[in-house]
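Visitor: I would like to go through this model and hear the reasoning behind each label. Please set the values against the cut-offs as we go.

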Amino acid sequence: MNKQRRKAIDTIRARLDDLLAALDDIKDEEMEALENLPEPLQGSKKGEAMYTAIDNLENAFDNIQDALEYLEEATQ
């Protein structure tokens, strides 16, 4: 891989790192909101939707981390 493409991938990796941080913040905020719900509401439809959202955010986070690893391997 040439220097120009390697640099382009490094730029993408930096953007993905920023997105990971933002995504992690959103997940933490959603978790905190869920934990602040009264217990009966945590098991309600709203609480279940929040659990699902948190799970999906964690999956997205993991997938972006995987993409970062692939990009790192591609530039070696």
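Guide: A contact here means heavy atoms within 4.5 Å. Keep in mind that the model is predicted.

Visitor: With that cut-off, which residues is leucine 68 in contact with, leaving aside its neighbours within four places in sequence?

Guide: Leucine 68 is in contact with Arg13, Leu16, Asp17 and Leu20, once neighbours within four places are left aside. Leucine 68 itself sits in helix 3.

Visitor: Why does leucine 68 count as buried?

Guide: Buried means under 20% relative accessible area. Leucine 68 has 12% relative accessibility, so the label applies.

Visitor: How far apart are leucine 68 and aspartate 10 in sequence and in space?

Guide: They are 58 residues apart in sequence, and their C-alpha atoms are 9.8 Å apart in space.

Visitor: What makes up the largest nonpolar core?

Guide: Seven residues do: Leu16, Leu20, Leu23, Leu57, Phe61, Ile64 and Leu68. Helix 1 (3-36) and helix 3 (45-74) are the elements that give two or more residues to this core. Helix 3 gives the most, with four residues.

Visitor: Why is such a set called a nonpolar core?

Guide: The term asks for buried residues of listed types, Leu, Ile and Phe among them, joined through side-chain atoms within 4.5 Å. The seven core residues are of the types Leu, Phe and Ile. In soluble globular proteins, nonpolar side chains tend to be buried together.

Visitor: How many helices and strands does the protein have?

Guide: The secondary structure comes to three helices and zero strands. From the N terminus on, the order is α-α-α.

Visitor: How do you know that the protein is more spread out than a compact globule?

Guide: Its radius of gyration is 17 Å, and the globule rule gives 11 Å for 76 residues; 17 Å is well over that, so the protein is more spread out than a compact globule. Along the principal axes, the C-alpha atoms fill a box of roughly 60 × 15 × 15 Å. Of the 76 residues, 21% count as buried. The exposed area is about 5700 Å², with carbon and sulfur atoms supplying 51% of it.

Visitor: What is the span of helix 1 set against?

Guide: The value expected at 1.5 Å a residue, which is 50 Å for the 34 residues of helix 1. From first C-alpha to last, helix 1 reaches 49 Å, close to that value. Helix 3 has 30 residues and reaches 43 Å, close to the 44 Å expected.

Visitor: What caps the N-terminal end of helix 1?

Guide: Asparagine 2 does, through a side-chain oxygen 3.2 Å from the backbone nitrogen of glutamine 4. The cut-off for a polar contact is 3.5 Å, and the 3.2 Å distance falls within it.

Visitor: Which residues of helix 1 are buried, and what covers them?

Guide: The buried ones are Ile9, Leu16, Leu20, Leu23, Lys27 and Leu34. Their cover includes helix 2 (39-42) and helix 3. In helix 3, the buried residues are Gly47, Met50, Ile54, Leu57, Phe61, Ile64 and Leu68, and their cover includes helix 1 and helix 2.

Visitor: Lysine 27 is on the list for helix 1. Why does lysine 27 count as buried?

Guide: Its relative accessibility is 17%, and the cut-off is under 20%, so lysine 27 counts as buried. Beyond residues up to four places away in sequence, lysine 27 touches Ile54, Leu57 and Glu58.

Visitor: What makes isoleucine 9 buried?

Guide: A relative accessible area of 13%, which is under the 20% limit. Isoleucine 9 is in contact with Met1, Leu71 and Thr75, leaving aside neighbours within four places in sequence. The C-alpha atoms of isoleucine 9 and aspartate 55 are separated by 28 Å.

Visitor: Where does threonine 75 lie, and why is threonine 75 called buried?

Guide: Threonine 75 lies in the segment after helix 3. With a relative accessible area of 12%, under the 20% limit, threonine 75 is buried. The side chain of threonine 75 reaches the backbone oxygen of glutamate 72 at 2.9 Å. Not counting residues up to four places away in sequence, threonine 75 touches Met1, Arg6, Ile9 and Arg13.

Key:
Residues are numbered from 1 along each chain as its sequence is written. This is a predicted model: local features need pLDDT of at least 70, side-chain atom pairs count only at pLDDT 80 or more; totals for chains, interfaces and linings use all residues. Side-chain values use heavy atoms; hydrogens and water are left out. Buried means under 20% relative accessible area, exposed over 50%, partly exposed in between (1.4 Å probe, protein chains only). The expected span of a helix is 1.5 Å times one less than its number of residues. A polar contact is a pair of N or O atoms within 3.5 Å; within protein, one must be able to donate a hydrogen and the other to accept it, and residues adjacent in sequence count only if both atoms are side-chain atoms. The radius of gyration is taken over C-alpha atoms; the globule rule is 2.2 Å times the number of residues to the power 0.38. Accessible areas come from the Shrake-Rupley method with a 1.4 Å probe; for residues, only the protein chains shown count as cover.
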